[in-house]
Amino acid sequence: MKLVFAGTPEVAVPALDALIASGRHEVAAVVTRPDAPAGRGRHLVASPVAQRAQEAGIEILRPVKPRDEDFLARLREIAPDCCPVVAYGALLPRVALDIPAQGWVNLHFSLLPAWRGAAPVQHAIMAGDQITGASTFLIEEGLDSGPVYGTVTEEIRPTDTSGDLLTRLAFAGSGLLAATMDGIEDGTLKAVPQPADGISTAPKITVEDARVDWTTPAMRVDRVVRGCTPAPGAWTVFRAERLKLIHVAPVPDRTDLAPGELSVAKNNVYVGTGSYAVELLWVQAQGKKPMRAADWARGVRIPSGERLGV
């Protein structure tokens, strides 16, 4: 089939690579978000998908909005059979959805209908799910509600951050998306409507969502930290400034600390929660680089009874 691939961040690049390498389909163009300012200089930088397409000599379309008439006209000229999508980052209007004969097929990082929305991996970890996966589905105008072509499953490991899990799903999902394109082309794959039960939503995680509530149980604190790493980054307040929490570990045998209360040993820093303590392993103070929590604690000299989150 002739394909136009839509995607923007680094997590979409493995799927683009898989389609380029398949040898069975032609990736005629990519659609990606416009160049955006990045770094200290705030210079305009092309998206990871645009950079990979440029390396491969593939035409790049960067509409400000996917309903822009110039973009729609070019898409009609290319006349793709299908448009595979991975984390493109903009809602597609009906006028765009109707152009490819086989529609737009999205690779979504959950087992639909669970975790429809922008942050499925983060929400799966924060909810304590043990299994997740990726799904390919035909895009409709509803939020991730279209019929499903296929799925792959992935175990959520006890120490997984959302970054760890998303990386694995990006590579597993790339094979699923390529296989979905093959099945659509040869007519062996039909999309099946999603079940009406088991629907959950995964809206974008806000900075406030990432604030740790020390009155919740230790396992909840651990899940919030892992689910919000690397972005937007879990945090708390220490001496009226934000302290980013990069890595913590539950300590079930330490139950003597009140929620948020700090206890510092020579090489360990513990914090009380609503159940048992967690150990702070890596933190990042405001304006500083990430560091081991024990080194941070030595630098700030924490007295007995001081608390986080105050």
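In the predicted model, the charged end of R242 sits over the ring of W235, at 4.1 Å from the ring centre. R242 belongs to strand β11, where the residue stands opposite V237. The strand that carries V237, β10, is joined to β11 (residues 241-251) by five bridges, and the two strands run antiparallel. Two residues lie between the strands of this hairpin, in which R239 adopts a positive phi near 50°.

The side chains of β10 are divided between two directions. W235 and V237 point one way, whereas A234, T236 and F238 point the other way, and all are buried. Because five of the five residues of β10 are buried, the strand is largely enclosed by the rest of the structure.

One aromatic pair was counted in the model. This pair is formed by F238 and W296, whose rings are arranged edge-to-face, with a centre-to-centre distance of 5.0 Å and an angle of 70° between the planes. F238 is located in β10 (residues 234-238) and W296 in helix α8 (residues 293-300); the pair therefore ties together parts that are 58 residues apart in sequence. Both partners, F238 and W296, are buried.

Taken together, two aromatic residues of β10 take part in the contacts described here. The ring of W235 lies beneath the charged end of R242, while F238 forms the edge-to-face pair with W296. W235 and F238 point in opposite directions from the strand.

Note on methods. Residues numbered from 1 in each chain as written. Predicted model: local features only at pLDDT ≥ 70, side-chain atom pairs only at ≥ 80, totals over all residues. Heavy atoms only, no water. Phe/Tyr/Trp six-rings, centres within 6.5 Å; stacked < 30°, edge-to-face > 60°. Helix = DSSP H or I, 4+ residues; strand = E, 2+ residues; numbered from the N terminus. Buried < 20%, exposed > 50% of the residue type's maximum accessible area, 1.4 Å probe, protein only. Lys NZ or Arg CZ within 6 Å of the ring centre and 35° of its normal. Pairing = 2+ DSSP bridges.
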